[in-house]
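Colleague: I should like to learn how such a model is read, feature by feature. Might we begin once the structure is displayed?

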Amino acid sequence: MNSISTGHQDLIHDIAYDQYGRLLATCSSDQCIKVFTREFPSAEWTLQSSFKAHDANIFSLSFALQQYGLVLASCSEDQTVRVHSSVDNGRTFTKIATLSDSGGPVHHVEFARFGGHGLKLACIGTDGVVRVYHAADPSDLRQWHLAFEKVVDQDGLLSNGVAARDLQGDFAVDWCPSGTVRASGLTYGRGIDMGDSELPPLDRLTIAERAVEQLVVSSMSKVVVFRKRLDGGIYDYEPAEELAGHTDIVRDVAWASSAGVGGRYELIATACKDGWVRIFKLTPRRTGTRMTESRNGSVGLVYGDSENGVSEYDLSYEVELLDQFDDHKSEVWKVSWNFSGTVLSSSGDDGRVRFWRAAYTGKFIALGVASAEQGSNEEMED
């Protein structure tokens, strides 16, 4: 494990890697963002850029997909989301947009990882409202459209507005990494990576048109999956499933890539103040339909006793708590999946990063523990 001397003058709130893990960005209460580049073959991180990005604590960072250039979003206690761009491989960043619709400090920002309909980012803050912004023209990222906003917990603590400063709370958002398509005849219900270079152009366009964009949002102790509406436009989302069972504030949410499970189901992890890491399994539910395959290999849907061609259907999930761990024995702050969605990491007030790997049974087993103070891996504790 390599340590990085960031040079921040205050608490670091978040880190973010670019799409290929070449750049690492950090943000802090010192109102600055620092960007580091990884040197080869030493794997050491060196400071590439440092700049004052906000006028208050910076809480969250997110890199956009590389196809849109080197673009970084940040959010802050100053109630804004800001978008920064670099044209010299991260040596300098320029602020290109400020999004200031929030009614309070913004806690979390995340770019969509599925580029089916242009560049989008989601954010949420102390007003309990999830907002989705859309840059319709990838060639001009100075222009952003507030595409969607919705109070997550309409009946909760935030129903009367922004949380009071003395009310401890937290808010998080994460996008589904791949588009789950409604048309089973295209992909047999599997998630699709729109960045796959081997995907035929015609199929890529068709899949993008039928993609179901999804995001998971937490507000205080409530966690909800939002999904693009079947009968709506590219800006229409609606709350769908709730991930229940949290007994305190949810600090973080993370949606796993479906690559590790072949797209048969989705996995979402949560980090909670109650000391638990939870993993939820979301299995597609197709009420009233079943798939059928003809002799020539084409796939259709059967409604009752009649066979039809490929058709669209509403996507919904059966939600179950797949696994949960309280090994941190303290408040859990962050959860994160690896690229393939097979390994989960979590960090908590015990000062440890813990790793969990999917077993053949579908459950997760402890894989290892890392201590930043010791700078090395430890043996698993009993």
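Colleague: Is strand 20 (residues 250-255) largely enclosed by the rest of the structure or exposed, and why?

Modeller: Strands, like helices, are DSSP runs numbered from the N terminus (E, at least two residues, for strands; H or I, at least four, for helices). Buried means under 20% relative accessible area, exposed over 50%, and partly exposed in between, with a 1.4 Å probe and protein chains only. Strand 20 is largely enclosed by the rest of the structure, because six of its six residues are buried. Five bridges join strand 20 to strand 21 (residues 266-272) in an antiparallel arrangement, and Trp 255 stands opposite Ile 268 in strand 21.

Colleague: On what basis are these values given?

Modeller: The model is predicted: local features need pLDDT of at least 70 and side-chain atom pairs count only at pLDDT 80 or more, whereas totals for chains, interfaces and linings use all residues. Residues are numbered from 1 along each chain as its sequence is written, and side-chain values use heavy atoms, with hydrogens and water left out.

Colleague: How many helices and strands does the protein have, and what percentage of its residues is buried?

Modeller: The protein has two helices and 31 strands. Of its 382 residues, 52% are buried. The accessible surface, computed by the Shrake-Rupley method with a 1.4 Å probe, comes to about 17800 Å², of which carbon and sulfur atoms hold 46%.

Colleague: What is the strand order in the open sheet of four strands?

Modeller: Strands of a sheet pair through backbone hydrogen bonds, either parallel or antiparallel. Here two strands count as paired if DSSP finds at least two bridges between them. The open sheet has the order 1-2-3-4 with antiparallel pairing. Strand 1 (12-17) and strand 4 (45-52) are the edge strands, each pairing on one side only. From one strand to the next the twist averages 20°, where axes are lines fitted to C-alpha atoms and angles run from 0 to 180 degrees between N-to-C directions. Within the sheet, strand 2 (residues 23-28) and strand 3 (residues 32-38) share five bridges, and Thr 26 faces Lys 34 in strand 3.

Colleague: Which residues form a nonpolar patch with Tyr 17 on the surface?

Modeller: A patch is made of residues with over 30% relative accessible area and no salt bridge, nonpolar side chains (Val, Leu, Ile, Met, Phe, Trp, Tyr) being joined within 5 Å and like charges within 9 Å. Ile 12 and Ile 15 join Tyr 17 in the patch, with about 280 Å² of accessible area together. Tyr 17 belongs to strand 1 and is partly exposed at 47% relative accessibility.

Colleague: How many salt bridges are there?

Modeller: Side chains of opposite charge can pair when their charged atoms come close. The rule requires a side-chain nitrogen of Lys or Arg within 4 Å of a carboxyl oxygen of Asp or Glu, and the count comes to 17 salt bridges. One of them joins Asp 14 and Lys 334 (3.6 Å, N to O). That pair links strand 1 to strand 27 (residues 332-337), across 320 residues. Asp 14 is buried at 9% relative accessible area, whereas Lys 334 is partly exposed at 32%.

Colleague: Which residues are linked in a network of salt bridges?

Modeller: The network comprises Lys 52, Asp 55, Asp 78 and Arg 82. Asp 55 and Arg 82 meet at 3.7 Å, N to O. Asp 55 lies in the loop between strand 4 and strand 5 (58-63) and Arg 82 in strand 7 (residues 81-86), so the pair ties together parts 27 residues apart in sequence.
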